[in-house]
Amino acid sequence: MNYSHLNRGSHSSNPSELPPSGLQHVPGDVSAKNVVSSPPPPVAKRASFLGKLAQAANDHAVSGNPGLSLTAANLSGRSSTSSDSLLLFGAVQGISTPREMSNSSARGRESSVAAAADGRHAPGATSTTSNAYPDLSFAERMADVRGLAVTHESVARFSTRDNDDALSDELDAIFHAFQRCLEIRQKYMLASLQCSGDNPKDRDEWTIYPPPPPPSYPPVPDASTAPNPTAQTEPFEFEKCVIPGACEMVYKMREDGIYAVYANWASLESDPEKPICNIPSIKEYYQDQDYIDGVISDGPTKSFAFRRLRYLESKFHMYVLLNEYQELADSKRVPHRDFYNVRKVDTHVHHSSCMNQKHLLRFIKSKLRKSPDDVVIFRDNRHLTLAQVFESLNLTAYELSIDTLDMHAHKDSFHRFDKFNLKYNPIGESRLREIFLKSDNFVRGRYLADLTKEVFADLEASKYQMAEYRISIYGRNPYEWDKLAAWVVDNKLYSHNVRWLVQFPRLYSQFKRSGAVQNFAQVLQNLFGPLFEVSVDPSTHPKLHIFLQRVVAFDSVDDESRTERRIFKKYPAPSAWDLAMDPPYSYWLYHLYANILSLNHLRASRGFNTFLLRPHAGEAGDTDHLTSAFLTSHSISHGILLRKVPVLQYLFYLDQIGIAMSPLSNNALFLTYERNPFLAFFQRGLNVSLSTDDPLQFHFTKEPLIEEYSVAAQIWKLSGTDMCEVARNSVLQSGWEMKVKKHWLGEMCHLPGPQGNDIQRTNVPNIRLAYRYQTLMEERLLVLGSLLLRSREASEGLVAAALVAADTNAQAPVSAKVSPLATGIGARRLSNPLRSPGAAPEPLVGQLAEEMGDLSLGLPVLKAGGAVPGAGRRRVPTASDDGGMSPTG
């Protein structure tokens, strides 16, 4: 298109001789101020810009990349949304955008004229590289394209000028440190099969028994075939359960307290140093922990993370000001759904205190009235009935009250975990706790089973509230697992609203003093030995095999506020830990992680469900607990100490690690409600959910989870959208099967951002999730993408991936369409989801280039014809990948 009639003092009508940005090259000593031309009209500017992009793409095609061959006519005919996908390509290649053509700064204009006068940009040449504008950084061009604010960090980091190196050295070190921390976590998550898609139960063909009830809404047109929401679902029958046979795999507990798994006896005897999976050594674990501790204590890194977190919080406030009424309007247009009938999961609740005090009181009175002659305990060398137990306490059923039970955590338990533990004893009597709140007692847990069924009935009546109850295995002897499994199976404690977590209390010192164990290795053997045995041959423990199908994760629990003294320069092996002193938290967590790693590989190879590690971390005590959990755990409970560690908090945000927070519990034990960081974490975009922890001690109503949400909404003025977003987070953090999550959240819930949202089921407006997703992508691009864009080769890979991402996604499985860096909930794959088992993790920066089509500031990908050699290439999955699993979700 000819712009000569629009330029002042034009010497040529040939548009190819016009320099970019509306400036005309004038030979000789002509002053720059005499040659600045008027900007072309908007339509002409866009056509010229698209023409330049087409020319640059064709240059790539000539050099061997035919997939980038485009024409100006082809580009101009595209929709505005699709054309915007080329902006990243133009910014990387240094092509001026329409806004640059008309609104370049004085510095940009003068430098462009000077460049033309010096011959750096010859007349008639079209700019196709970033060297055309050495004074304009990638961040400046990208900000101009997208209309974004440019911080001094991003400008300094993305600048292509050599004299900016001194300013960006510090940021280089910070970004490399963040990258290294995320790569370390990636290594541990991939090794332990705790990433999304690793669990065989997430396959579509996974069978859930008893099957979940059919959907009751919306009703089908034919009323005769409509499901009856009041109909009873299929009851659990142990005889209908399928018990697989034994396999050839063998296992052995090594001297370091870790179980190693081998393909068969021949493999064990020939090469005992090579099990089926590689386990990070404890030395490597502590080296990685020391590195992360060094990063989170670095001054410039703390300042950077603190400023980014403040920026994210302020950005959310601005978003709410601009979109609050739009979110309200979107929610009102959704039929049927509101906060009360969206699914929400109590992701952190202890089973022995899952009921409220009034419920427990009614249950005790009922048993005293209906079953006073039940023999319930053997104490003082004689058997006692329930009536005799209360006679020994000088109490009658009429005298019992909430005040008499005295199980609520009042002010006297603040920072007193010892007093809080005593609150589990009704009326302060441990014998009543043993009778009513223990599964292993004289009555074989019959009373607790009856109480549990009543709690299940309340949950099923509410329909939309779910719970993951945490029940204890102590490690005193290897028979605890069989007793617990028999209690669950024999009493038919199955509910579609409930899944189980198994928690390991860190009570080694008590067992050592009582003589139950001789060293720490015996505790590990009691905890994991039965699990490996039943995984190799389920017929040896059939009830345990059935119970483990409903177990989703393991937890480590105890008082974190206790001081940990390090008396060893190098920690001894578990078999040599025979002191009457508890191992430190980090030591506990490593050995839990390492054994879960081996167990998961064994179970995944057999097609059994695997387990996550979701410990208590960051409730009190040392912040090193959070570092250990960052390395080894899928998600954590509490995490309130993250408020003191901005770097670790920022890392939790970047990797979207789940945090199950319990403000009412913290208010009674360690942190008053107004100081709880839940609101700040939520506004900044951390992956947080609300949970009850111990309703028996902290709540008053029949629906403790709703009580937790209602108090938070009142104190922090949460909107309906806020509460529905937290509820959605809780479902994604939970351990339910993927087919169940798809029913609750939508068929595409495994995808990140708005594309994985179904507002008809979640009641979360797409605009909210689009904001969360784009903000997360921008932060990841800032930290990880900046390391990539410094090199020319990586920039070309970025452009290629951005242009072919649509075609790649169209041909790849659903799981491969999601950028691992872009996945939004929990621990996600940060390397190729279709990698071969045992393959080394790909570097985050190099991988970011391949997957930038999903990650480039939320820009829509442009569908281009053909494929670019070497860019965005995906390996075709085979049945052997990840043990035959399809890594969905």
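Buried here means under 20% relative accessible area, exposed means over 50%, and partly exposed is in between (1.4 Å probe, protein chains only). By that rule C354 is a buried residue, with a relative accessible area of 8%. Select C247 next: this cysteine counts as partly exposed, at 25% relative accessibility. The structure holds 0 disulfides, a disulfide being a pair of cysteine sulfur atoms within 2.5 Å.

Before moving on, some ground rules. This is a predicted model, where local features need pLDDT of at least 70 and side-chain atom pairs count only at pLDDT 80 or more, while totals for chains, interfaces and linings use all residues. Residues are numbered from 1 along each chain as its sequence is written, and side-chain values use heavy atoms, with hydrogens and water left out.

**The whole chain**

Zoom out. The chain has 889 residues, and 58% of them count as buried. Colour by secondary structure and you get 36 helices and 13 strands; these are DSSP runs (helices H or I, at least four residues; strands E, at least two), numbered from the N terminus. Among contacts (heavy atoms within 4.5 Å) with a separation of 6 or more, 75% are between residues 24 or more positions apart. The accessible surface is about 36000 Å², and 52% of that belongs to carbon and sulfur atoms; areas come from the Shrake-Rupley method with a 1.4 Å probe, and for residues only the protein chains shown count as cover.

**The hairpin**

Select 250-253 and 259-262, which are β1 and β2. They run antiparallel and are joined by 4 bridges; strands count as paired if DSSP finds at least two bridges between them. Y251 stands opposite V261. There are 5 residues between the strands, and G257 takes a positive phi near 80 degrees in this hairpin. Now look at the two faces of β2: Y259 and V261 are buried on one side, A260 and Y262 on the other.

While you're in this part of the sequence, step back to the loop between α9 (165-191) and β1, where P210 lies. A cis peptide bond joins Y209 and P210, with omega about -10 degrees.

**Two open sheets**

Show β3, β6, β7, β8 and β9: in that order they make an open sheet of 5 strands with parallel pairing. β3 (344-350) and β9 (612-613) each have a single partner strand, so one side of each is left without a neighbour in the sheet. Between β3 and β6 (residues 465-472) there are 5 bridges, and V349 stands opposite Y469.

The other open sheet has 4 strands, in the order β10-β11-β12-β13, and its pairing is parallel. Its edge strands, β10 (616-617) and β13 (688-690), pair on one side only. Check the 3 bridges between β12 (residues 658-661) and β13, where I659 has V688 as its bridge partner.

**Two odd phi values**

Just ahead of β12, in the loop after α25 (646-654), sits Q656. Phi of Q656 is near 50 degrees, positive in a residue other than glycine. Is Q656 buried or exposed? Q656 is buried, at 7% relative accessibility. Compare N394, in the loop between α14 (386-392) and α15 (402-405): phi is near 60 degrees, but N394 is exposed, with a relative accessible area of 66%.

**Helix α12 and the salt bridges**

Select α12 (residues 299-332), which holds L321. L321 is exposed, with a relative accessible area of 66%. Together M318, L321 and L322 form a nonpolar surface patch with about 370 Å² of accessible area. Patch members have over 30% relative accessible area and no salt bridge; like charges are joined within 9 Å, nonpolar side chains (Val, Leu, Ile, Met, Phe, Trp, Tyr) within 5 Å.

Now switch on the salt bridges: a side-chain nitrogen of Lys or Arg within 4 Å of a carboxyl oxygen of Asp or Glu. The count comes to 29. In one of them, E313 meets R684 at 3.0 Å, N to O. That pair links α12 to α27 (residues 678-684), 371 residues apart, and both side-chain owners are buried. Also from α12, K315 meets E778 at 2.9 Å; E778 is in α33 (residues 766-789), 463 residues away.

For a stop outside α12, pick R499 and E737, whose closest N and O atoms are 3.1 Å apart. R499 lies in β7 (residues 498-505) and E737 in the loop between α30 (720-733) and α31 (738-745), so the pair ties together parts 238 residues apart in sequence. Finish with E327, D722, E725, R768 and R772, which are linked in a network of salt bridges.
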